[in-house]
Amino acid sequence: MDGKTDAGAEAAAPETEDLGSGIALPLLVAATLFMQNLDASVNTPAIPDMAAGFGVAPVDLNIGVSTYMMTVGIFIPATGWLAQRFGARPVFLLSILIFTLASALCGMSQSLPQFVAARILQGLGGAMMVPVGRLVVLQMTPKDRLMNAIALLTWPGLVAPVLGPPVGGLIIDNVSWHWIFWLNLPLGALALLVALRIVPRVEREPGKSFDLLGFILLGAAVFCLLFAADMLSGDEVNWLLEGALALSGVALLGLGLRHIRRVEQPVLRLDALQIPTFRVTVIGGTLFRLGINAVPFLIPLLFQLAFGWSAFRAGLMLMAVFLGNILLKPFTSWILRTWGFRRVLVVNGVLNAGTILAMVLIGPTSPFPVLIALLVVAGMARSMQFTALNTIAFADVERPGMSDANTLFYTVVQLSRGVGIALGAIGWRLGGVLFPEAGEVAAFRFAFAVVGLISLLSVVECWRLAPNAGDVVARGRR
């Protein structure tokens, strides 16, 4: 059977497509994205208990967090080829199965090496689950319904990083750290059963070759950059080693980009960058994501180290950001349809940067209601910008290029997560060097100033959009 006939056979599933074409499929994918995003942050409060169980120092457990994130980042560029070669449906189903089984192995681990191996396997499942699940939604959702689908897919990225630490703390206080991972078993099993029923078959390319050299170069670049970012956000800093890793990552990234521009079937295509609405999510969106990933790292540290609060109270303040996310979420689609993407991205982008820069003005004596109000507004601006950028990303991407654009999008997103945290750490430490006599408050103020100004730069790319950019998804017309 030739590739064309095989692809046609896979595409023929009208009953399944009908089930998944409305709200069910985006909800399923959103649930798996929430499970994956939550798992990236929920185990942080469990580190002391896990370290005691493994007989190692708590700092040694950082490798369990970092290996998961790096595995996800390394393998994301390969997910586009996997989905095209074997079909998005079987790859998505396999990713849920791997992630769920790996979660069981994490909970059963008796030593640090076993745990790290299980986390690597879990990261492999997560690397496929995130972009491939989203790809299925993008391919099966008409443009005029894309905004509502993307609105469902954005909430895991907003909510999970904020809920992770409190949920992890709740589990540790009431049961044991093993349940952080074992809770994924019923969720994963349910997701797999639902996915078997509603995820449609889509076209595939059985003859597509794999760009091994491009994968190695880009994977090594992502590894070096995320490893350097992870070390910079730790308690101890080795500037020489981390600088060498960062430079190696940049060099490998340059070689990888040079390679994929020269081969016929690269592991990662850059063609979608020619589309203005997609380019704004990569360039302007990356600058925005650097800020929103740095702020949750900086805020608890500010309240703990500069204000003298307890770790629980400091972490709980992030719930105000979560409240802002929730308050605005029901209105995001209406706002985008009423005002258009360009206006919203510019005005809200300035507001988002303004809330970060406003952190420069707060101190230990700042009124508590003012702190809460600022974090709630920051959460609202963050939610609006996040949704707008994620929605407009694929507004003008045609279906044949959807897989390549989706892979590029998630590769950039994964990098911006690690680099954003590193940016916050560098700003904080640099502030301490520049203002040694002013104390921790001044160091954090410098960090928020750096992060806020970088976030403000994201507005420049948004300003270049056409006034009617994204109308095909916002108002159902071109």
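Helices here are DSSP runs of H or I with at least four residues, strands are runs of E with at least two, and both are numbered from the N terminus. With that in hand, select Gly 53, which sits in helix α4 (residues 47-54). What you have open is a predicted model, in which local features need pLDDT of at least 70, side-chain atom pairs count only at pLDDT 80 or more, and totals for chains, interfaces and linings use all residues. Residues are numbered from 1 along each chain as its sequence is written, and side-chain values use heavy atoms, with hydrogens and water left out.

**Stop 1: Gly 53 and the whole chain**

Is Gly 53 buried or exposed? Residues count as buried under 20% relative accessible area, exposed over 50% and partly exposed in between, using a 1.4 Å probe and protein chains only. Gly 53 counts as exposed because its relative accessibility is 53%. Add Ser 109 to the selection: the two residues are 56 apart in sequence, and their C-alpha atoms are 9.7 Å apart in space.

Now zoom out. Colour by secondary structure and you will find 21 helices and 0 strands in the chain. Of its 478 residues, 56% count as buried. Switch on the surface next: the accessible area of the chain is about 19700 Å², and 69% of that belongs to carbon and sulfur atoms. These areas come from the Shrake-Rupley method with a 1.4 Å probe, and for residues only the protein chains shown count as cover. A contact means heavy atoms within 4.5 Å. Among contacts between residues at least 6 apart in sequence, 84% join residues at least 24 apart.

**Stop 2: the nonpolar cores**

Hide the surface and select Leu 25, Phe 92, Val 199, Phe 278 and Phe 394. They have the most contacts inside the largest nonpolar core, which has 80 residues. Such a core is a set of buried Ala, Val, Leu, Ile, Met, Phe, Trp, Tyr and Cys residues joined through side-chain atoms within 4.5 Å. Which helix gives the most to this core? It is helix α7 (residues 112-140), with 10 residues. The core also draws at least three residues from each of domain 1 (20-201) and domain 2 (273-477); those bounds come from an automatic or database domain assignment.

Centre on Phe 92 to see its surroundings. Leaving aside residues up to four places away in sequence, Phe 92 touches Leu 28, Val 29, Thr 32, Met 129, Val 132, Gly 133, Ala 195 and Val 199. Apart from this core lies another, of 34 residues, including Val 321, Leu 371, Leu 374 and Ile 454.

**Stop 3: Gln 122 in helix α7**

Return to helix α7 and pick Gln 122. This residue counts as buried because its relative accessible area is 0%. What does Gln 122 touch, not counting residues up to four places away in sequence? Show Asp 39, Tyr 68, Phe 99, Ala 102, Ser 103, Cys 106, Phe 181 and Asn 184 to see these contacts.

**Stop 4: along helix α19**

Select helix α19 (residues 402-434), which gives the most to a nonpolar patch on the surface, with 4 residues. The patch is formed by Trp 239, Ile 426, Leu 430, Val 433, Leu 434 and Phe 435, with about 580 Å² of accessible area together. Patches are made of residues with over 30% relative accessible area and no salt bridge, with like charges joined within 9 Å and nonpolar side chains (Val, Leu, Ile, Met, Phe, Trp, Tyr) within 5 Å. Val 433 lies in helix α19 and counts as exposed because its relative accessibility is 61%.

Move along helix α19 to Thr 411. Thr 411 is buried, with a relative accessible area of 9%. Beyond residues up to four places away in sequence, Thr 411 touches Ile 76, Pro 77 and Leu 268.

**Stop 5: the salt bridges**

The structure holds 4 salt bridges. Each is a side-chain nitrogen of Lys or Arg within 4 Å of a carboxyl oxygen of Asp or Glu. Show Asp 404 with Arg 269, whose side chains meet at 3.6 Å, N to O. This pair links distant parts of the chain: Asp 404 is in helix α19, Arg 269 is in the loop between α12 (239-260) and α13 (276-306), and 135 residues separate them. Asp 404 counts as buried at 15% relative accessibility, whereas Arg 269 is partly exposed at 23%.

Add Asp 271, which also forms a salt bridge with Arg 269, the closest N and O atoms being 4.0 Å apart. Asp 271 is exposed, at 53%. Arg 269, Asp 271 and Asp 404 are thus linked in a network of salt bridges.

Finish at Glu 461 and Arg 464, whose closest N and O atoms are 3.2 Å apart in their salt bridge. Glu 461 counts as buried at 10% relative accessibility, while Arg 464 is exposed at 61%.
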